[in-house]
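Please take a slow look around this protein with me. We will begin at the outside and then work our way to the hollows.

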Amino acid sequence: MPGPAKVWGMRTIPSRNVIVTCAVTGAIHTPTMSPHLPVTPEEIAEDAIAASEAGAAVIHLHVRDPESGEPVTDLDLFEEIAAKIDRETDVIVQPTTGGAPTMAPEERVQVVPRLDPEMCSCNMGSINFGLYPMAENYDEWEYDWETEYLEGTDTLIFQNSFADLEVMLETMDDHDVVPSLECYDVGHLYNLGHCIDQGWIDPPLHLEFVLGINGGIDADPKNLAHLKTVADGLFGDEYSFSTIGAGRSQFELTTQSISMGGHARVGLEDNLYLRRGKLAESNADQVEKIVDLAWEVSGREPASADEVREFLALKGSDATAFN
Ligand code: KMH
Ligand code: ZN
């Protein structure tokens, strides 16, 4: 009997299915930008559940102040939302340890011991997370914090030093949490290589290439090909990858990622639109679109949450603190 299909020299996954991650709210967009951005715990959980029903196997989770929509690191909110999602789906809940670029690493990592999740994000380097040009697109704002938050990013370093990475990765390892390693530039792949050399993380690795953040690598298909070439050189067949295309590049780059044998992340954290000029009315709309594209372009189906658990050797949802 033949073994599982090989995905172009990378880690294998039965039937070559696509891991669709949905990042439902994030910390980049603000409530003025879309009435469909989920903000309250109920809205975030309901959007996540619908995204899971549409084909997402992983939900990347941030939390917001329910009154103002401002990104926060409130651990009670994380727990409440994760538990609600877990009660109604079998999806993998992946809390952020990136939080918002304004938050310190010590604050952001606390979600790991508190939720004891199967996965979480881990940001592989420091960048000037320059959201400030987005402030020019709006004349009126729903909340006062929005302009200040965006405009202040011209001098803002999203800090992920090597000392921070040591703490982050060792905390994740202590809790048997598999990181989604967010790489915003080619140098972040070398940072990851250094973390391996230091013994802070061991392959196999699951990478998330992030293209199109102002301060990181541009959203150019050639850059995604180059990131993969560099990762192949550094990590051989000991890694798998997914891709985030920020803003209007979302579907172009996630489709390219799928065509290259990788996986895809969509969701309103990364892009508010379904297509040019049309806001996505829900996260599920974007999940449905990438599921269709994966099938049309590559004949690949969405992986179930349990397939992803097997592929990434996750500890299982029963082992989390919110089940
Ligand atoms: N906002 C994305 C560009 C995180 O939450 O750890 C990357 C991200 C980081 O999702
Ligand atoms: Zn995030």
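The accessible surface of the protein comes to about 12,900 Å², and carbon and sulfur atoms account for 46% of that area. Keep in mind as you look that this is a predicted model.

Now turn from the surface to what lies beneath. Of the 323 residues, 59% count as buried, where buried means under 20% relative accessible area.

What about the overall form? Along its principal axes, the C-alpha trace spans about 60 × 40 × 40 Å. A compact globule with 323 residues would have a radius of gyration near 20 Å, and this protein has 18 Å, so its value agrees with that expectation.

If you follow the chain, you will meet 11 helices and 14 strands. You can also ask how far apart in sequence the contacting residues are. Take the contacts between residues at least 6 apart in sequence: 74% of them join residues at least 24 apart.

Let us move on to the pockets. The largest pocket has a volume of about 900 Å³, and its lining is made up of 32 residues. To find its centre, look for Met134, Ala246, Gly247, Arg248 and Asn271, the lining residues that lie nearest to that point. Two elements give two or more residues to this lining, namely α9 (250-259) and β13 (273-275). Which of the elements gives the most to the lining of the largest pocket? That is β13, with 3 residues. What kinds of residue surround this space? Sorted by class, the lining of the largest pocket has 14 nonpolar, 10 polar and 8 charged residues.

The second largest pocket holds about 400 Å³ of space. Its lining consists of 19 residues, and those nearest the centre are Asp173, Val177, Pro179, Ile201 and Asp202. Here the elements that give two or more residues are the helix α6 (162-174) together with β9 (178-183) and β10 (205-211). The largest share of this lining comes from α6, which supplies 4 residues. By class, the second largest pocket is lined by 12 nonpolar, 2 polar and 5 charged residues.

Before you leave, try locating both pockets yourself. For the largest pocket, you could start from β13, which gives the most to the lining. For the second largest pocket, α6 is a good place to begin, as the largest share of the lining comes from there.

Conventions
Residues are numbered from 1 along each chain as its sequence is written. Chains are lettered from A and ligands numbered from 1 in the order in which they are written. This is a predicted model: local features need pLDDT of at least 70, side-chain atom pairs count only at pLDDT 80 or more; totals for chains, interfaces and linings use all residues. Side-chain values use heavy atoms; hydrogens and water are left out. On a 1 Å grid over the protein atoms alone, a cavity is a set of points where a 1.4 Å probe fits but cannot get out, and a pocket is an open set with protein on both sides within 12 Å along at least five of seven lines; lining residues have an atom within 4 Å of a point. Grid points are joined across faces, edges and corners, and a volume is the space filled by probe spheres set on the points. Ala, Val, Leu, Ile, Met, Phe, Trp, Tyr, Cys and Pro count as nonpolar, Asp, Glu, Lys and Arg as charged, and the others, Gly among them, as polar. The radius of gyration is taken over C-alpha atoms; the globule rule is 2.2 Å times the number of residues to the power 0.38. Buried means under 20% relative accessible area, exposed over 50%, partly exposed in between (1.4 Å probe, protein chains only). Contact means heavy atoms within 4.5 Å. Accessible areas come from the Shrake-Rupley method with a 1.4 Å probe; for residues, only the protein chains shown count as cover.
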